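Work through the exercises below with the model open beside you. Try each task before reading its solution.

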Amino acid sequence: MIVMGIESSCDETGVGIVSWDGETATLLADEVASSVDEHARYGGVVPEVASRAHLQAMVPTMTRARETAGIDRPDAIAVTIGPGLAGALLVGVAAAKAYALAWDVPLYAVNHLGGHVAVDTLEHGPMPSSVALLVSGGHTHLLGIDALSRPLVEMGTTVDDAAGEAFDKVARLLDLGYPGGPALDAAAAQGDPGAIPFPRGMTGPRDAPYDFSFSGLKTAVARFVEGEVRAGRTVSVPDVAASFQEAVADVLTAKAIRACADRDVETLVLGGGATANSRIRSLAAERTTAKGIDLRIPKPRLCTDNGAMVATLGAHVIGGGAQASPLTVATDPGMSVQISKL
């Protein structure tokens, strides 16, 4: 079976194609058009700009994917219906419905978050029971996974800012530009992660064990920078970046390791664009090795939003016996954690 996936939840237009043999998915095409450069002048994603970019990129991206895969049409189409930006989601879902109707193939509406988990199987094979840590500009979640064709279990999420959003805002504060994650990571490489004792949010004994909070950390960085400027001292951007990055990575990985222990699983999966951060990856590797946990992290291209992850999730949903979605299925920008919506 050939499954096509369409992703348009934020600022990447993605079309991915996989072949499915009933157990594993094999990647045939992964084409992505990003509008990140158009958002850079605003310091963040502008929903209207993202929607227009999806409209312009959808057909060319679809054409490239089909040519790369060497197919005329797939056997099924999977599409992200949420969570994400309302207008951006509408473009992808409208395209998926049109192609499904024109080609007379079934449509499967799936969850963006599940895609970030499923895409790991393209690189590391079938997934055992595990915990997934998803970190991106819009999401920070700890998820329990029994099988990709069954509902995910949300163990914890952020109560305010997502970690990736905090990276972007701190990078803007330090005049590092947008997107902030890569620039801040590069600056941190020249700094001392122990230079500034920034707080670790929601790590007290009475705090929710798997939830996250980064708003207070972001404020602490702003106050530190303001204090240095008032005192007439030069702000060490590398030290601030490294200390902030360390605080984020520390909390994320500590809670992920705790979730693995409490759920009694031996595999931790990282997903989402912010997991390209070098310190999150290295600290996760250190802590999983110390605890005898298998760490699975897809290559950076598969961690960011793409159509391959949607196609892969769709294949597992189909393999699990899910019914196709009706062509009247709606987008759900605030969609909760679940595999599919019929």
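Three exercises follow, on a model that is predicted.

**Exercise 1. The sheet**

Find the order of the five strands in the open sheet, and say which strands stand at the edges and why one side of each is left without a neighbour.

Solution.

Step 1. Trace the strands across the open sheet. The order is β3-β2-β1-β4-β5, and the pairing is mixed.

Step 2. Look at the edges. β3 (25-34) and β5 (107-111) stand there. Each has a single partner strand, so one side of each has no neighbour in the sheet.

Step 3. Check the turn between neighbouring strands. On average it is 20°, with direction ignored.

Step 4. Take one pair. β1 (residues 2-7) runs parallel to β4 (residues 76-82), and four bridges join them. Within this pair of strands, Gly-5 is opposite Ala-78 of β4.

Step 5. Add the helices. α3 (residues 86-103) packs on the sheet and touches β1, β4 and β5. The direction of α3 makes about 160° with that of β4. Helix α12 (residues 307-319) lies across β1, β2 (12-20), β3, β4 and β5. The angle between α12 and β2 is about 40°.

**Exercise 2. The cysteines**

How many disulfides does a search of the whole structure find? Explain why Cys-10 is too far from the closest cysteine sulfur for a bond.

Solution.

Step 1. Recall the bond. A disulfide joins the sulfur atoms of two cysteines covalently.

Step 2. Set the cut-off. The two sulfur atoms must lie within 2.5 Å.

Step 3. Test Cys-10. The closest cysteine sulfur belongs to Cys-303 and is 16 Å away, so it is too far for a bond.

Step 4. Test Cys-260. The nearest cysteine sulfur is that of Cys-303, 16 Å away, and Cys-260 is in no disulfide.

Step 5. State the total. The search of the whole structure finds zero disulfides.

Step 6. Compare accessibility. Cys-10 has a relative accessible area of 23% and is partly exposed. Cys-260 is at 1% and counts as buried. The cut-off for buried is under 20%.

**Exercise 3. The surroundings of Glu-154**

Which strand holds Glu-154, and which residues is Glu-154 in contact with, leaving aside neighbours within four places in sequence?

Solution.

Step 1. Place the residue. Glu-154 is in strand β8 (residues 153-157).

Step 2. Judge its exposure. Glu-154 has a relative accessible area of 41%, so it is partly exposed.

Step 3. List the contacts. Without those sequence neighbours, they are His-141, Leu-142, Leu-143 and Val-337.

Step 4. Look at His-141. Its side chain makes a polar contact with the side chain of Glu-154, at 3.0 Å.

Step 5. Compare sequence with space. Gly-144 is 10 residues from Glu-154 in sequence, and their C-alpha atoms are 6.3 Å apart.

Note on methods. Residues numbered from 1 in each chain as written. Predicted model: local features only at pLDDT ≥ 70, side-chain atom pairs only at ≥ 80, totals over all residues. Heavy atoms only, no water. Pairing = 2+ DSSP bridges. Helix = DSSP H or I, 4+ residues; strand = E, 2+ residues; numbered from the N terminus. Axes fitted to C-alpha atoms, helices over the stretch in contact; angles between N-to-C directions. Contact = heavy atoms within 4.5 Å. Buried < 20%, exposed > 50% of the residue type's maximum accessible area, 1.4 Å probe, protein only. Polar contact = N/O pair within 3.5 Å; in protein donor to acceptor, adjacent residues only side chain to side chain.
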